[in-house]
Amino acid sequence: MAIGHEGSLLEAARVARGLTQEALARRCGTSQPSLSAYERGAKSPTLAVLERILRCLDFELALNEWITFHQIAVAGPGRSTALVPNRLWRLEPEQCFAPLRVTLGQDHRVFDLGDRDRRQAGYAWLLRYGAETQLFEHLDAALLVDAWPGLAESLPSEIRTAWGPLVGQTADQAIEELMIADAREWGQDYRRRTASRAKKQRVFRRLADYGLDPDQIRVLMRHW
């Protein structure tokens, strides 16, 4: 979501929840004129006020590292270079599975990213030939982690070497963040092995969302 100031962020969040300024103002305990001024950029909310309004919309502020790309040389047929980011990112579900339409010379293709096998082929094309916009719009970190074991074998060694650490780092961070969050919620349940079946199923689903397959999840959960 590209934003120009705090107000455009608030407006985008409000519209995403389908609320009017009046409805949001009542929900978060502020006035409609103040909210309007924030959205127009005529007045800047404090950080505390901005966070409070966003929480009322079930959003939160996050500090993320800026994503940049660099080129690497790739030997063999096709383009002599490929793009590699400094980190991976997540997409909304509707973006993750939108068809990828590509053109390379006389080659026109459509990859159905909603199909796991075709997604792997589409991701192989993106990593080899994708422009920044294509990568941002179609590549999802969790789905790339999921596809990587089969995908890596089909990639040129230069791309495999450049993207491999990003995939590994993303998988490790996802698991670590999940474990920290659930450890806080469950307290000593990990040590006492008293986590309920419902809680374990919830963690199973969350790990699947991060791109782990069932066997990987079972191995991980056995250590808990």
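In this predicted model, residues 24 or more positions apart account for 52% of the contacts in the protein that have a separation of 6 or more. The secondary structure comes to 12 helices and 4 strands, and buried residues make up 38% of the 224 residues. The accessible surface of the protein is about 13,400 Å², and carbon and sulfur atoms hold 51% of that area.

**Nonpolar cores**

In soluble globular proteins, nonpolar side chains tend to be buried together. Here the largest nonpolar core has 36 residues, and the members that touch the most others are Leu127, Leu139, Leu144, Trp148 and Trp163. At least two residues of this core come from each of the strands β1 (69-73), β2 (81-85) and β3 (100-104), and likewise from each of the helices α6 (116-129), α8 (141-151) and α9 (157-186). A second core, separate from this one, has 14 residues, including Ala13, Leu24, Ile53 and Leu54.

Leu144 shows how one member of the larger core is surrounded: once its neighbours within four places in sequence are left aside, Leu144 is in contact with Leu88, Tyr123, Leu127, Leu139, Leu151, Trp163 and Val167. Of these partners, Leu127, Leu139 and Trp163 are themselves listed with Leu144 among the residues that touch the most other members of the core.

**Helix α8 and its surroundings**

Helix α8 is largely enclosed by the rest of the structure, because 9 of its 11 residues are buried. The buried set consists of Ala141, Ala142, Leu143, Leu144, Val145, Asp146, Ala147, Trp148 and Leu151, and thus holds an acidic residue, Asp146, alongside nonpolar ones. At the start of the helix, a side-chain oxygen of Asp140 reaches to within 3.1 Å of the backbone nitrogen of Ala142. Asp140 counts as buried, at 1% relative accessibility, and its side chain also takes part in a salt bridge with Arg90.

**Salt bridges**

A search of the whole structure finds 4 salt bridges, and the table sets out three of them, including the pair formed by Asp140.

| Pair | Closest N to O distance | Separation in sequence |
|---|---|---|
| Arg14 and Glu39 | 2.6 Å | 25 residues |
| Arg90 and Asp140 | 2.9 Å | 50 residues |
| Arg116 and Asp146 | 2.8 Å | 30 residues |

The side chains of Arg14 and Glu39 meet in a salt bridge, and since Arg14 lies in helix α1 and Glu39 in helix α3 (residues 32-40), the pair ties together parts that are 25 residues apart in sequence. Both ends of this bridge are buried, Arg14 with a relative accessible area of 10% and Glu39 with one of 8%.

The salt bridge between Arg90 and Asp140 links distant parts of the chain, with Arg90 in the loop between β2 and α5 (93-96) and Asp140 in the loop between α7 (132-138) and α8. Whereas Asp140 is buried, Arg90 is partly exposed, with a relative accessible area of 48%.

Arg116 forms a salt bridge with Asp146, and because Arg116 lies in helix α6 and Asp146 in helix α8, the pair ties together parts that are 30 residues apart in sequence. Arg116 is partly exposed, at 47% relative accessible area, while Asp146 is buried, at 17%.

**The loop at Arg17**

Arg17 is placed in the loop between α1 (6-16) and α2 (21-28), and counts as partly exposed at 38% relative accessibility. Arg17 and Leu57 are 40 residues apart in sequence, yet their C-alpha atoms are 6.8 Å apart in space. Not counting residues up to four places away in sequence, Arg17 touches Leu57, Asp58 and Phe59. A polar atom of the Arg17 side chain lies 3.4 Å from the backbone oxygen of Asp58.

**Cysteines**

A disulfide is a covalent bond between the sulfur atoms of two cysteines. With a cut-off of 2.5 Å between sulfur atoms, the count for this model is 0 disulfides. The sulfur of Cys56 has its closest cysteine sulfur in Cys28, at 4.8 Å, which is too far for a bond. Another cysteine, Cys96, counts as buried at 5% relative accessibility.

Definitions and conventions. Residues are numbered from 1 along each chain as its sequence is written. This is a predicted model: local features need pLDDT of at least 70, side-chain atom pairs count only at pLDDT 80 or more; totals for chains, interfaces and linings use all residues. Side-chain values use heavy atoms; hydrogens and water are left out. Buried means under 20% relative accessible area, exposed over 50%, partly exposed in between (1.4 Å probe, protein chains only). Contact means heavy atoms within 4.5 Å. Accessible areas come from the Shrake-Rupley method with a 1.4 Å probe; for residues, only the protein chains shown count as cover. A nonpolar core is a set of buried Ala, Val, Leu, Ile, Met, Phe, Trp, Tyr and Cys residues joined through side-chain atoms within 4.5 Å. A polar contact is a pair of N or O atoms within 3.5 Å; within protein, one must be able to donate a hydrogen and the other to accept it, and residues adjacent in sequence count only if both atoms are side-chain atoms.
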